[in-house]
Every structure is written in C-alpha cells, then in structure tokens.
Amino acid sequence: MNYRKLGKTGFEISEIGLGTWQVGGGWGKPFNPKIAEELLHSAFDKGVNFVDTADVYDAGLSEAAVGKVVRERSEKIYVATKCGRRIQPHVNEGYSTEKLRRYVEDSLRNTGLDRLDLIQLHCPPELVYKRDEIFGLFEDLRSEGKIAAMGVSVEKITEGLSAIKYDIVSTIQVIFNMFRQKPYELLFRNAKKNDIGIIVRVPLASGLLTGKITKESTFPKDDHRYFNREGKAFDKGETFSGVPFELGLSAVEELQSLLNLDYSLASFALKWVLMFPEVSTVIPGASNLEQLDSNVKVSDLPPLSAEQMEVVKTVYEKYIKEEVHHLW
C-alpha cells in the first residue's frame, strides 16, 4: 500500500481508502454487522488506514461498525464521517449550528471515539457555503477537541472553490472518475495551492466502470441506479456520474476495446484516479472480500502509460464531455 498526505491535516493515509456506504448493507439490503466488521478488519489488515462513513449510512449502523472495529485495532486508523443529510428537507434554511453540533456529538457517541479525525459537511445546499457561522462552529469543535479536522463533500466545483476560502476546511470530497473529469481543471489546481486534501468518491461511476454492467442489467427498485437516474431523490450526478446509461455503456465498450487490458477495467479506473498527484485517496466501496482485495491491489499496479491516459481522454471527449462536463 502507498500512502499520501491528506492536505493540511498532515495525516499520512492510504491512497486506497474504504468507503462504507455499502459495507454490510447498501441499497435494498439489511445491514449485517458481521459482514461489515469482517470487511473492515480485512481492509485494515491489508494496509488501508482511512475509512469514510456518514451518520446516515444504514441509519448510523455503518458508523457504529466502523467505530467498533477501529477501537479493536492497535494501529492508527483515520476515521472520516459526514453530517448534515439528516436535515429534511435538505435546504439551507434547515442548517443551524445547534443541529450540526448535535450531529457531531451523536457521531462521537455512535462510534465510541474520543475525537473524530475528519468531519465533513455532507453535500450541503450551495447557500450554506456562504454562512460563516456554520464553518465557525467547526473551529469551535476543533478547539474543544471533538474533531481534528473538517472538510466538505461537494457536488459542484463551485462549492469546493467556495469551501476552500475557509481556513478550517482541510479536505474536499468530490466525484472524479474517467466519466467525470472536470474537477481536474480548476478544483485540483486550487486545492493544491491551498494544501487541501482531495478525497475521491464514486470512482467507478456507480459500477459502469467495472465493465460488468450491460444493457440487460437490472436493478432493484430501491437501488439508486433504478430510481435516481434523473435526480428524483438526490443529485443525479451521484448515479452513473450523471451519464445517460446507454451512452455510458457505449463508452465503456470502446474503452475496453482500445485498452485491451490484462486486468479488470475497475482496477484500471481506480489507477487512473491515482495518476493525479493532487488526489490524497480514493474511497471505493466493497460489499465482499473479493472486491476489497481487488481494490487494495490497485496500489501496486504500475503507473498507466501516456498512451493509456490518452485513450481515456479521447473516449471522454467523444462520448461523455458534451453530456456532463458543464453540469457540475
């Protein structure tokens, strides 16, 4: 496993982290704490030392499982969680320092940790980024020893650029993958200038970039890949990175044809993300040990060639850029 610095936090974290949205559960499946704990222990055994969760993942069960396993380990594991999505309706007017303080304290109790290494606002409405008192709260929480660092999870580049203006913000979590390349243009450059860590989520475009999804693939009705393609439940960019399904399949088919890989497209997609030095860590999920093992091994793959990077650029510009580049 290779390790990178997480911006001005100074944390040295694994370049392959673990996203826990589907650890032990996920859309349409009951949470299984035994599976969650097995996956977490296995990830940490393999050198992963950064785990990302949220208070709303499986109604707090994911967060609790993370805390339990971390407390059982002797090595330092960096725990990142998120808050704010419990506010419903999820609008700027619902945000208050009182609510957010309560959510952070709930996460401390839920994880059983004395301090959260990283707390992130969970894709808040755009107007929240203009409210100094919200970010001031996290200054207070850091002074009180309840958090070590604060970051934001964003949907749009403009939100990340707004967040960077606050000194308390140390990290930005953003969707970045072969079908969502816009963050590299402006956000990464400004993050580097301000020593902001970049945490990459949705690196496989909701499974499109595994190469295993076909036109015949079906999804359960409670899977966001079924009900959120047009953004009916939350930002549509979270589902297939906002790329129209069949167009994405065509792009994947051409990628596989041109790359002619001797390992999985999913591994290639993760390595592609890590080719950008501004990235501190990528946090793919894993619902079984096989997926986890495959993800972790990406750290040891050789760098992609200039020719391979050019193939990705060409396919993106041919199929994807016109559809989504301007949206986020």
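Buried means under 20% relative accessible area, exposed means over 50%, and partly exposed is anything in between (1.4 Å probe, protein chains only). By that yardstick, phenylalanine 240 is buried, because its relative accessible area is 1%.

A quick word on what you're looking at. This is a predicted model, where local features need pLDDT of at least 70, side-chain atom pairs count only at pLDDT 80 or more, and totals for chains, interfaces and linings use all residues. Residues are numbered from 1 along each chain as its sequence is written, and side-chain values use heavy atoms, with hydrogens and water left out.

**Aromatic rings**

A pair of aromatic rings is described by the distance of the centres and the angle of the planes. Here, rings of Phe, Tyr and Trp (its six-membered ring) pair if their centres lie within 6.5 Å; planes under 30 degrees apart count as stacked, over 60 as edge-to-face and the rest as tilted. The structure holds 14 aromatic pairs, including these:

| Pair | Centre to centre | Angle between planes | Type |
|---|---|---|---|
| Tyrosine 184 and phenylalanine 276 | 4.8 Å | 65° | edge-to-face |
| Phenylalanine 240 and phenylalanine 245 | 5.2 Å | 35° | tilted |

Tyrosine 184 and phenylalanine 276 are 92 residues apart, so to speak of places: tyrosine 184 lies in the loop between strand S8 (169-175) and helix H6 (187-193), and phenylalanine 276 in the loop between helix H9 (265-274) and strand S10 (279-282). Helices (H or I, at least four residues) and strands (E, at least two) are DSSP runs, numbered from the N terminus. Tyrosine 184 is partly exposed at 41% relative accessible area, while phenylalanine 276 is buried at 10%. Both belong to a cluster that ring pairs build from Phe176, Tyr184, Phe188, Trp272 and Phe276.

As for the tilted pair, phenylalanine 245 is buried too, with a relative accessible area of 12%. The charged end of arginine 229 sits over the ring of phenylalanine 245, 4.4 Å from its centre. For that, NZ of Lys or CZ of Arg must be within 6 Å of the ring centre and within 35 degrees of the ring normal. Arginine 180 does likewise with tryptophan 328: its charged end sits over that ring, 4.2 Å from the centre.

**Cysteines**

How many disulfides does a search of the whole structure find? Zero, with a disulfide taken as a pair of cysteine sulfur atoms within 2.5 Å. Cysteine 83 is in no disulfide, and the nearest cysteine sulfur, that of cysteine 123, is 12 Å away. Cysteine 83 is buried at 0% relative accessibility, and cysteine 123 is buried at 7%.
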